[in-house]
Protein chains: 2
Amino acid sequence: MRYELYYWPGIQGRGEYVRLALEDSSVDYADVARGARDMAAMMKIVEARSGTPPFAPPFLKAGKLVIGQTANILLYLGSRHGLAPKAEAGRLWVHQLQLTIADLVLEIHDTHHPLGPSLYYEEQRAPAKKRSDEFWKERVPKYLGYFERLLEGSGGAYVTGRKATYVDLSLFQIVDGLRYAFPRHMKAFEREIPGLVDLHNRVAARPNIKTYLSSDRRIAFNEDGIFRHYKELDR
Amino acid sequence: MRYELYYWPGIQGRGEYVRLALEDSSVDYADVARGARDMAAMMKIVEARSGTPPFAPPFLKAGKLVIGQTANILLYLGSRHGLAPKAEAGRLWVHQLQLTIADLVLEIHDTHHPLGPSLYYEEQRAPAKKRSDEFWKERVPKYLGYFERLLEGSGGAYVTGRKATYVDLSLFQIVDGLRYAFPRHMKAFEREIPGLVDLHNRVAARPNIKTYLSSDRRIAFNEDGIFRHYKELDR
């Protein structure tokens, strides 16, 4: 079976957490809406009046199943493709961590869109600056400190032990994205999270991820995605 | 086995989605941190340096398992206690809907805390007003319109058909909370969502929920929770 991933063209966004899992596990998939040409097919699924239409992209077609919500897609893929434990306790734990990452991703989005996703960044620069300052003062230490602590106690090179899970791939993306969006803040903060910096290197060196990152399938960061570099927010 | 639910005392918050599921299915549980006395026990679990410490309350102790993240707790409870299908496709679908509700809950929180959770509401009144306006103009129609559409197509009285799931209980809470926080906005908007209004009534009339709502186990809405009534945001 060939998976089909549907997501907005031109950005990494939430689709990227799924792409990293698909790439790392070498499963066959089509990145359907990479070309704007296929947007119509995607919107038809989202706007369906019967069946199980997802609220928004990304979603994954797996045979007859249509699975929406990033963390839910990873829950489905993880234990099938060696990126999560098969036993319930382990599956729930890894999923719980991914949901915490999902909360962090929403807060990252809010740094440039504190007044909501419907207004342009340019309409909310001043509140975005306040939210970003708060984000670095309170939220980044809380979230990344949590994952750093888990890494310290894991007894292995990855967050849950000796085997990589989709959570490790997602944390790679968080570190990578924060470096892109907030290079100054991140440079100063990285000394607090040596474990996560190591983890980022370790994930980047995994053969399939290394190949993916240097391919044109990896979309570059840009100011339409979750991680946006606005100089004034990084001071 | 008696479940133990851990959550901040004095508010419904995210714990309420779990409480509604536990109450509806009549399982035995202790609401541990209802008394401030037990906060220390809760924080000890959150701050543990080994095992599987959750990032934040709510979390559920189920025997040896400690399960965090509201939607993850419901994923665990749902198929065990008749509030979600047992087959994988149905479980994923119901969970996906709960994750969409979780996104909505975060946006509801952002209406009074657009500059972040660490500042007081009083420090962010003006941006809160802008975010609330945007929320009612763009986001409520998108989210509640989505669930209304699912109800229309479900072929039953509940979102996924003839049987109630934890998603229906959570949507009851969303309608109830929006009525409390934004009575004027909600009054005008309810004509757009007759299915959800019916669903709210139907859930409130379920025997166990009815008993729960009139008991002192149901904490009243207040201005420390997710749904807060600030008159100026409801104009």
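Which loop of chain B holds B:S26? B:S26 sits in the stretch linking α1 and β2 of chain B, and its phi comes out near 55°, a positive value for a residue that isn't glycine. Keep in mind that this is a predicted model. Below is a quick tour of the domains of chain A, the contact between the chains, a helix pair and a sheet in chain B, and some backbone details.

**Domains of chain A**

- Chain A splits into two domains: domain 1 covers 3-80, while domain 2 takes in 88-206 + 230-234.
- Going by C-alpha atoms, the centres of these two domains of chain A are 22 Å apart.
- Where they touch, domain 1 of chain A puts in 12 residues and domain 2 of chain A puts in 13 residues.
- On the domain 1 side, the elements giving two or more residues are α1 (15-24) and α3 (70-80) of chain A.
- The largest share of that side is from α3(A), with six residues.
- By class, the domain 1 side of this contact in chain A has six nonpolar, three polar and three charged residues.

**Where the chains meet**

- Between the chains, 36 residues of chain B contact 36 residues of chain A.
- On the chain B side, β4 (65-68), α3 (70-80), α4 (88-112) and α5 (125-153) each chip in at least two residues.
- The top contributor there is α5(B), which gives 10 residues.
- Sorted by class, the chain B side comes to 17 nonpolar, 11 polar and eight charged residues.

**A helix pair in chain B**

- Two packed helices are described by the angle between their axes and the distance between the axes.
- For α6 (residues 166-181) and α8 (residues 194-204) of chain B, the angle is about 110° and the axes are 9 Å apart.
- Angles from 65 to 115 degrees count as roughly perpendicular, so α6(B) is roughly perpendicular to α8(B).
- The crossing of α6(B) and α8(B) is left-handed.
- From α6(B), the residues in this contact are B:D168, B:L169, B:L171, B:F172, B:V175 and B:D176.
- Facing them from α8(B) are B:L196, B:V197, B:L199, B:H200, B:V203 and B:A204.
- That contact breaks down into nine nonpolar, one polar and two charged residues.

**The sheet in chain B**

- Four strands of chain B make an open sheet in the order β2-β1-β3-β4, and the pairing is mixed.
- At the edges are β2 (29-31) and β4 of chain B, each of which pairs on one side only.
- From one strand to the next, the twist averages 20°.
- Within this sheet, β1 (residues 3-6) and β3 (residues 59-62) of chain B run antiparallel and are joined by three bridges.
- One residue to look up is B:Y6, whose bridge partner in β3(B) is B:F59.
- Helix α1 (residues 15-24) of chain B lies across β1, β2 and β3 of chain B, and runs at about 155° to β1(B).

**Backbone details**

- Most residues other than glycine have a negative phi, and most peptide bonds are trans.
- In chain A, the peptide bond joining A:P57 and A:P58 is cis, with omega about 0°.
- A:P58 belongs to the loop between α2 (39-46) and β3 (59-62) of chain A.
- Chain B has a cis peptide bond from B:P57 to B:P58, with omega near 0°.
- You'll find B:P58 in the loop between α2 (39-46) and β3 of chain B.

How values were computed. Residues are numbered from 1 along each chain as its sequence is written. Chains are lettered from A and ligands numbered from 1 in the order in which they are written. This is a predicted model: local features need pLDDT of at least 70, side-chain atom pairs count only at pLDDT 80 or more; totals for chains, interfaces and linings use all residues. Domain bounds come from an automatic or database domain assignment. Two residues are in contact if their C-beta atoms, placed from the backbone, lie within 7 Å. Ala, Val, Leu, Ile, Met, Phe, Trp, Tyr, Cys and Pro count as nonpolar, Asp, Glu, Lys and Arg as charged, and the others, Gly among them, as polar. Axes are lines fitted to C-alpha atoms, for helices over the stretch in contact, and angles run from 0 to 180 degrees between N-to-C directions. Angles under 35 degrees count as roughly parallel, over 145 as roughly antiparallel, 65 to 115 as roughly perpendicular and the rest as oblique. A crossing is left-handed if the near helix is turned anticlockwise from the far one by less than a right angle, and right-handed if clockwise. Two strands pair if DSSP finds at least two bridges between them.
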